[in-house]
Amino acid sequence: MFKFAKIVNHETKLCEVGTGTNAKFYQSIGMAEQEVEQAYNGKWYLKGYAPQKSLEALKIEKREEINAARDAAEQGGFEYLGKIFDSDPISCQRMSCAAQAMSLLPASEDNKITWTCQDNTTIDLNAQELLGLVVALAAWSNSCHIKATALKEQIENCQSVEDLAKITWNSEV
């Protein structure tokens, strides 16, 4: 993009850039209209000279991106008995407490808990099904972490920015 700019470091081509519209003022302080670009650090450079983030810095960002995607997936819900159950921290705690409480009751067809699923429908669960729900939750959580670990291993093995950009939570592992 073209902006009024003045080179302040001739070696790196770092520029001071005018962000307003007063062309006469910028010219009076030695600026000329030049093609510039903004680097990742917010500084301006002549086009083609802006420093790029290192591969290692980009790998750190990509790992953080994968961690965030893992957390969102893990807490987004999971399937059990043909229903989608919430898996946010409060729902996880409720599942564990309900399974523990139901396991203390005598086995009976009447001992059920009505659980509200993610789509707001309900399902009646007995003690064994509640225990299965907790197991399914643990399996879901584990699968999210296994996927994230595999993706982060791919990140570590990347040798280029282009290959790194191809890795997303939706990537096959």
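Biologist: What makes the link between the side chains of S141 and E74 a polar contact?

Modeller: A polar contact is a pair of N or O atoms within 3.5 Å; within protein, one atom must be able to donate a hydrogen and the other to accept it, and residues adjacent in sequence count only if both atoms are side-chain atoms. The side chains of S141 and E74 are joined at 2.3 Å, so the value falls within the 3.5 Å limit. This is a predicted model, in which local features need pLDDT of at least 70 and side-chain atom pairs count only at pLDDT 80 or more, while totals for chains, interfaces and linings use all residues. Residues are numbered from 1 along each chain as its sequence is written, and side-chain values use heavy atoms, with hydrogens and water left out.

Biologist: Why is S141 placed in its accessibility class, buried or exposed?

Modeller: Buried means under 20% relative accessible area, exposed means over 50%, and partly exposed is in between, with a 1.4 Å probe and protein chains only. S141 has 19% relative accessibility and therefore counts as buried. S141 has its place in helix α4, where helices (H or I, at least four residues) and strands (E, at least two) are DSSP runs, numbered from the N terminus.

Biologist: What class does A150 fall into, and why?

Modeller: A150 counts as partly exposed because its relative accessibility is 28%. A150 also lies in helix α4, which spans residues 127–157, and its C-alpha is 9.6 Å from that of E172, a residue 22 places away in sequence.

Biologist: Why is the pair of F4 and Y26 rings classed as it is?

Modeller: Rings of Phe, Tyr and Trp (its six-membered ring) pair if their centres lie within 6.5 Å, and planes under 30 degrees apart count as stacked, over 60 as edge-to-face and the rest as tilted. The structure holds four aromatic pairs. For F4 and Y26 the centres are 5.8 Å apart and the planes meet at 25°, so this pair is stacked. The pair links distant parts of the chain, with F4 in strand β1 (residues 2–9) and Y26 in helix α1 (residues 23–28), 22 residues apart. Both residues are buried, F4 at 15% relative accessibility and Y26 with a relative accessible area of 10%, and together with F25 they form one aromatic cluster.

Biologist: How do you know that R94 lies over the face of W115?

Modeller: A charge sits over a ring if NZ of Lys or CZ of Arg is within 6 Å of the ring centre and within 35 degrees of the ring normal. R94 lies over the face of W115 at 4.3 Å from the ring centre, and K147 lies over the face of W169 at 4.6 Å from the ring centre, so both distances satisfy the 6 Å limit.

Biologist: What makes the residues of the largest nonpolar core a core, and which touch the most other members?

Modeller: A nonpolar core is a set of buried Ala, Val, Leu, Ile, Met, Phe, Trp, Tyr and Cys residues joined through side-chain atoms within 4.5 Å. Of the 15 residues in the largest one, F78, F85, M95, W115, L125, L130 and L133 touch the most other members. The elements giving two or more residues to this core are β5 (78–80), α3 (89–104), β8 (122–126) and α4. Another core, of 11 residues, lies apart from it, and includes I66, A73, L164 and I167.

Biologist: What makes β7 and β8 a pair?

Modeller: Two strands pair if DSSP finds at least two bridges between them. Strand β7 (residues 112–116) and β8 are antiparallel over five bridges, so the requirement of at least two is satisfied. W115 has I123 in β8 as its bridge partner, and I123 belongs with L125 to the covered face of β8, whereas T122, D124 and N126 make up the uncovered one.

Biologist: What makes the phi of N120 notable?

Modeller: Most residues other than glycine have a negative phi. The phi of N120 is near 75°, a positive value in a residue other than glycine. N120 sits in the loop between β7 and β8 and counts as exposed because its relative accessibility is 63%. L81 also has a positive phi, near 55°; this residue lies in the loop between β5 and β6 (83–85) and, at 46% relative accessibility, counts as partly exposed.
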